[in-house]
Amino acid sequence: MISGEKAERIGNTFVAMLYACVLAASPHMFAQAAPCADAELVALMRMLSEVGAAGGKFTERKYLSILDEPLILEGKVRYRAPDYVKKEYDDPNSESYEVSGDSLTIGFPDGRRRELSIDEHPVLRAFVESYRGTLAGDLDTLNHYFDLALSGRMDAWELRLTPRGPDLADYLIAVIMHGREGTVYSVETLEASGDRSVMTLDSPGD
Amino acid sequence: MLQTAVRNDMTSFMPRAATPAQRLLMNELREGPVARLTLITLGGASRDELAQLSKRVAARLRAGGLFVRVANGEQLFGDAEREQLFTYRYLLSPAVNAERFSADSLRMALQSRLRELASPLPRFDRPWLAEDPTAEMRAMLSAWRGQTRPRKFRGVWFDGAGQQALLLAQTRARGFDLDAQERAQQAVSEALGEALGDAGKASVELGISGPGVFAVASRDIIRADTRRLGITAAAVAILILLVSYRSLRLLLIGGLPLLSAVAAGIVAVDLVFGAIHGLVLAFGVTVIGVAIDYPIHLFSHLNAGEPVRRSLANIWPTIRLGAITTAMGYLAMSGTDFPGLMQFATFAIAGLLAAAACTRWSLSGLLPELYAPRYGTPIADYYAASAPPKKIWGWLMIAAALVALGFLVSRDHAPWEDDIAALSPIPESVMARDRHLHAQLGVPDTNHVLLVKATDAQAALEASEVLAAGLRRLVADGAIGSFDLAARYLPSARTQRERRDSLPEPARLRQNLEHALVGTPFKQDAFAPFEKAVAAARTLPPLLPGDLQETTLGLRLRTSLLPVDDGWVALITLAGVKNPQALQAFLSEHQHPDLHYLDLKRDTRSLMADFREHAAIRVLWGVLAIALVLGIGLRSARRTLLVLLPGLVAVVIDVAFLRMLGERLSLFHLVSLLLVVGISIDYGLFFSRGDPDPGMRGRTFHGLVVCVLSTVSVFGILATSRLPVLNAIGSSVAVGVALSFLAAMLLARPGPSPRPADSR
């Protein structure tokens, strides 16, 4: 069954690609060398973009080569369309991170705050957009930094983001998101250092 | 003559530094790395495009070989250099001391690293964690980065408004190797052109500035002005001669003294100085304005029926006296320490004497016997027919001079322009923009510098480190904003050895680390690479300046650690000096014969002021010399005074006039005033010649009118120059000469005829 479904999807995708290439091939798309949008990807992105706010409690496991056991971090993440994300940890000694538009604010445990532009370092924005862009269903932005591969069904999809530029690839191998329709429920990050982290939302939508 | 080297950099027009410290710094500013900096801005496109272009342009310039360093905010060090610095981190990091590797400190460091690992942001130093858990590399880099961090976008520098990408490039060539600087600037435009081609974009706004760029721009302005002024002045001189004498023959003959003046001036300057400054060539134009008087006087005194030789002999004593007095005035200037001014004086003396000699000995042979030009002389006829001006006009002129003098004395401050930047033809707005961008990039400002001299590089580094401890207190107190010194990038060998000796033995480190690891999730052997690195660092020899050649750090070092004749000098640049008293107190506390404090702006100002005073005294000597020569030539104190008076009157009114226009007076105005005195003496001499008949009197007057017209025109043309130096000379001489003519006419008291016995 699965193979049949897959064949059908490949067929659909092919038609959609042709359609998109012939009719919607704007110079902009060629300039970006963007792949023609996958119809299902477009559909998923639309679904994601319709979500105005998301987030909730999360548990993050970081598997680092230098550690005996994974680092387990708990906290809350909050997203508000179109471009606001805040991630804070339950541990009072941890920093909090707040992204809004182009600015990133780091809140230190002692109450100090530092604001910087996510454009300051070339890979910073890509890191931010991998998560924020997915939540926002911003296909253009994601395409700018990553090659996208969608698999699974709409009620259990997997989106794999692979960096396009060499700068980013120095830090990141891939970001893999899992979700159900317009809700993302886990984010797995594979870093070039061999470190890996998995963030799971305990109660998505809370 | 064709091979005469023409120099165009502005430094010939700066006074020579007085103290060895100033000399060193001036030289460093001229030749050193700061003089080789080129600031490149890219604007007029989206930030994304500009960031990309910045990277492409930088890559091309780095590959091109004309620049030793191109920084645009991307990774500062190459892989090899970073490797070297990483190896030396325990000797170079300012955070290293005995306490740094205790169990407690290590535990705190590990906790910090753990928190960083929990961060969702990418960490650039994550790959080095196992080797560098105390983050010494980071401590080193942030100490080097300094307080000013330019804004970044996509990893490259932008200006504060985020509108322009900034790049800082250091040329391989010296700052005042103008041809090489020009090539380097071309390379920048070419690199941008290629980068634009790659990006498929038509154009962006490119801005280039910096000392080398300004030097090239100054040279181009000097060249263009010299050519433009030379051609215009020559055209005007030709026109005036043609209109006055309506004879092509006279025009050609009259041109000879001018050519000989310019040729003699160039040859003399070349012989004495080995090169000639472009501005001095432009000044040659002014010599034409004076030398043209000699043939004019001759032509005006040619009488029908009188042999040319006799007319010439008749006026020669007057011309000779005029030329010698003017030359005497310049002789007084030629003993100065200002290379540009000395060239001016040499050119003028040689040129004027050559023109006078050419008029005397060459022209008579070229004119037919008994030649007299035929030209209508309404001016001459009118003057011959009119009575000499009433004495009251002369008194009025003197009264005007007294009023002008009173006006000048009533002003509190002498309106002197002692800012050396005012000599530069580069507009102040351009310089200000350059300074602003440099400040954003944190390029050290070299106005306030402490200079520490020692017998060798290490001693200089050590001495500067001692001062740095005190300066840190001044920064903490807010007396100064920040400071920068070579030891910040490369500590002295002594300091490095101290840090090295504070590193724990392997067994001790292992013990401390084991304590620190208790209760952390780190693997027990996670930091074996760190232990190895510390053990290796314990046997490292200190890193010396010689080990850093051709590296980014080495280049940085060379801006602040310099070899001098008999030792080494470490420069400590101070920025944001807010409390000069506190700084002075600190300096008197650390008083030492080898420690000098330079406030470059203040020092050059006082240097200029000293020099200007010196020059003013020389101008007075020049006037005295002129008076003396006149007294000998005229053998009458009264007549000497009468001939000299118009010039003095003119100068006083001239200065008052310039002052009223709001102009600040510089050294070059002083020199011009001397020229005015010289020219006015010619006028005074001719007006008081006591010509035997009204016809001759009329022709003398005609000649003088032609002289004043040509001189005022030529200097008026000079006043249109964009070069402040030429502009100053042009305006003050044009006004002064016109006034001299008026004063000479009104004050003249014709003396006895020069040849009463031989008179026709």
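A:S96 sits opposite A:G107 of strand 5 in chain A, and this is a predicted model, so read the pairing in that light. Strand 4 (residues 96-100) and strand 5 (residues 103-107) of chain A run antiparallel and are joined by five bridges.

Zoom out and that pair turns up inside an open sheet of 11 strands in chain A, with antiparallel pairing and the order 6-5-4-3-2-1-11-10-9-8-7. At the edges you'll find strand 6 (113-117) and strand 7 of chain A, each with a single partner strand, so one side of each has no neighbour in the sheet. Going from one strand to the next, the twist averages 20°. As a reminder, strands of a sheet pair through backbone hydrogen bonds, either parallel or antiparallel.

Now for helix 3 (residues 39-49) of chain A. Its buried residues are A:L41, A:L44, A:M45 and A:L48. Looking down the axis of helix 3 of chain A, you see these buried residues fall within an arc of 100°, so they line one face of the helix. The spacing fits a familiar rule: an α-helix has 3.6 residues a turn, so residues three or four places apart point the same way. What covers the buried residues of helix 3 includes helix 4 (122-136), helix 5 (139-145), strand 7 (146-153) and strand 8 (156-163), in chain A as well.

That leaves the partner chain. Here 23 residues of chain A are in contact with 19 residues of chain B. On chain A's side, strand 2 (71-80) and helix 4 are the elements that give two or more residues, and helix 4 gives the most, with four. By class, that side has 11 nonpolar, five polar and seven charged residues.

Note on methods: Residues are numbered from 1 along each chain as its sequence is written. Chains are lettered from A and ligands numbered from 1 in the order in which they are written. This is a predicted model: local features need pLDDT of at least 70, side-chain atom pairs count only at pLDDT 80 or more; totals for chains, interfaces and linings use all residues. A residue is buried if 20 or more other C-beta atoms lie within 10 Å of its own, exposed if 12 or fewer, and partly exposed in between; C-beta atoms are placed from the backbone. The arc is that of the directions from the helix axis to the C-beta atoms. Two residues are in contact if their C-beta atoms, placed from the backbone, lie within 7 Å. Ala, Val, Leu, Ile, Met, Phe, Trp, Tyr, Cys and Pro count as nonpolar, Asp, Glu, Lys and Arg as charged, and the others, Gly among them, as polar. Two strands pair if DSSP finds at least two bridges between them. Axes are lines fitted to C-alpha atoms, for helices over the stretch in contact, and angles run from 0 to 180 degrees between N-to-C directions.
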